[in-house]
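This briefing goes through selected features of one protein model, grouped by topic. Please keep the sequence and structure in view while reading.

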Amino acid sequence: MILEKEFNMFIENISLGDKQRERIDSATEALTSYLANYYKISSEKIFLQGSYPNETGVKPAPSQKDGEYDVDLVAICASPDASSDEALNDLEAALSKSADYVQKIEKDKPKKPCVRLRYADEAIGGFHVDIVPARESKQEGLPLEIPRRGEGWHGSAPQEYTEWCLNQGDKFTRTVKIFKRWRDENQGIKKEIKSIVLQVLIAQELCNDPSDAACFLGTLTNIQAFLTDYTETPPTILNPVLPEENLTEQWDAAEYEDFRKSVDEGIKLARQAFDERDANRSAELWRQLFGDSFPASPREESISAAVSYTLADTIHHEDPLQRWRFSATPVPLKIRATIQTVFSKSVHQGRKPFNRVEQIPVAQAISSGAVVPTSKKIYYTAEINIPKPFTVFWQVVNTGSHAASYGKRGLRGNIFMSGDKGGKLLQEESTLYHGLHWIECYIVKDGICIAHSDPFYIQIVPKTG
């Protein structure tokens, strides 16, 4: 199944949030100011490169114990006459003169074309900033040169590559994020395909299906077909902004073979998840591909098997993803429901009529997918085990021609706030319009949705008799 809402939530879960961006911005702005003052250069000569400005950055996968945020900063500060080693040593010496930065310098990355500063932050976890000392190139069509220890200077066009990524469109950005999480969950860090190679492959083989599920499967299948002719060594993949650079030149044959195997296995599992008609089983299969960041239980598609009806148009449904950020580790939240009904009891008395029938009101529990008549009251109760304060929101979505005939009043779909009723998270609804409808509950704290229920479906039928 395509599980559209689950994929939306999945991308929200893995994307960098405000907290991560604020912390990274704070660190890089301070570094920019320090380096600009030290080297007496304009701050415009110091800029971000890589996934962060390209808008394809993702959070570290929960399965990676040592996973951390990776930020790349370019400083056009190297002397035109310096060797590659001299440029890197000079940058490290400059950072060592800061009491703050000298403590953060990582010493065990001699082959990196950068100086790495490692940060520890309680709010977002660990992250590092790789600072590259670049210089302007004298070669026509080559914007910059960057150093590699013992290997001299190499051409680079980081700002041009960022612009290329941003011009690929939203479908490319979403798909790259999905692929990055798939890679992180299915390849070891030491063997995983480099991000720039993965991104260019995706752009080259992108499937333009509107659903994320079909786009991922189609793109992965296209990549598999492209690699079919390259069984021993990787194909040549050129940098889209530096055509003379082969991005796969350093790709080890064994690591390339590992990637091909991951693609083959990924297609099999993605095909199972896509073809699976049971929403819960489909979600389990997608989670095997993408890990715990993919929602554990489906939302809109998780209709009880007891219901044979289909949803009508839901264009009026308000998207909660446009309202809040969702927690990557949501708190479990369940909805229980009871329907107001009566129990007929025969009572014997000493005068005529000797027997009479009493109608005793009772609350009968119902499950998602229940078929109920019109003109009934349903009481929904949300069950959650977290301390207050928090805010409770409900969303009722009516579908079908009967509800539509009453206009906006009938076709509800908005999210509304609910109060604490007698210590319970309770919402009362009437069964007015026949058709298939659902209700959901959201718990919001500090502007973040920390818990959300599965949809609770009701099939309302016209009252008979």
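**Backbone features in loops**

Pro389 sits in the loop that runs between strand E13 (377–383) and strand E14 (391–397). The model is a predicted one. The points below cover loops, the first two helices, the nonpolar cores and one pocket.

- Lys388 and Pro389 are joined by a cis peptide bond, with omega at about 10°.
- Glu55 is a residue other than glycine with a positive phi, near 65°. Glu55 belongs to the loop between helix H3 (51–54) and strand E2 (69–76). Its relative accessibility is 44%, so Glu55 counts as partly exposed.
- Asp446, also not a glycine, has a positive phi near 55°. Asp446 is in the loop between E17 and E18. Asp446 counts as exposed because its relative accessibility is 74%, and the cut-off for exposed is over 50%.
- Gln250 is placed in the loop between strand E8 (242–246) and helix H9 (253–275). With a relative accessible area of 58%, Gln250 is exposed. From Gln250 to Pro234 the C-alpha to C-alpha distance is 9.8 Å, and the two are 16 residues apart in sequence.

**Helix H1 and its cover**

- Of the eleven residues in H1, eight are buried, and the helix is mostly covered.
- The buried residues of H1 are Lys5, Glu6, Phe7, Met9, Phe10, Ile11, Asn13 and Ile14.
- The cover over these buried residues includes H6, H8, H10 and E9, together with strand E17 (435–445) and strand E18 (448–452).

**Gln20 in helix H2**

- Gln20 is part of helix H2. Gln20 counts as buried because its relative accessibility is 10%, and the cut-off for buried is under 20%.
- A polar contact of 3.5 Å links the side chains of Gln20 and Tyr69.
- Leaving aside residues up to four places away in sequence, Gln20 touches Lys59, Tyr69 and Ile124.

**Nonpolar cores**

- In soluble globular proteins, nonpolar side chains tend to be buried together.
- The largest nonpolar core holds 44 residues, and those with the most contacts inside it are Phe7, Trp182, Phe216, Phe259, Trp286 and Phe290.
- Two or more residues of this core come from each of H1, helix H5 (158–166), H6, helix H7 (195–205), helix H8 (212–227), H9 and helix H10 (279–290). H9 gives the largest share, seven residues.
- A second core, separate from this one, has 27 residues, among them Ile24, Ile46, Ala75 and Val129.
- Apart from residues up to four places away in sequence, Phe290 touches Phe7, Phe10, Ile178, Arg181, Trp182, Glu185 and Phe216.

**The second largest pocket**

- The second largest pocket encloses about 1,000 Å³ of space. It is lined by 40 residues, and Glu12, Asn13, Ser15, Gly17 and Lys59 are the closest to its centre.
- At least two lining residues come from each of helix H1 (4–14), helix H2 (18–39), helix H6 (170–186) and strand E9 (325–326).
- H6 contributes the most to this lining, with five residues.
- Sorted by class, the lining of the second largest pocket is made up of 14 charged, 14 polar and twelve nonpolar residues.
- Two of the residues named here also appear above: Asn13 is buried in H1, and Lys59 is touched by Gln20.

How values were computed. Residues numbered from 1 in each chain as written. Predicted model: local features only at pLDDT ≥ 70, side-chain atom pairs only at ≥ 80, totals over all residues. Heavy atoms only, no water. 1 Å grid on protein atoms, 1.4 Å probe; cavity = no way out; pocket = protein on both sides within 12 Å on 5 of 7 lines; lining within 4 Å. Points joined across faces, edges and corners; volume = space filled by probe spheres on them. Helix = DSSP H or I, 4+ residues; strand = E, 2+ residues; numbered from the N terminus. Nonpolar A, V, L, I, M, F, W, Y, C, P; charged D, E, K, R; others polar. Buried < 20%, exposed > 50% of the residue type's maximum accessible area, 1.4 Å probe, protein only. Core = buried A, V, L, I, M, F, W, Y, C linked by side-chain atoms within 4.5 Å. Contact = heavy atoms within 4.5 Å. Polar contact = N/O pair within 3.5 Å; in protein donor to acceptor, adjacent residues only side chain to side chain.
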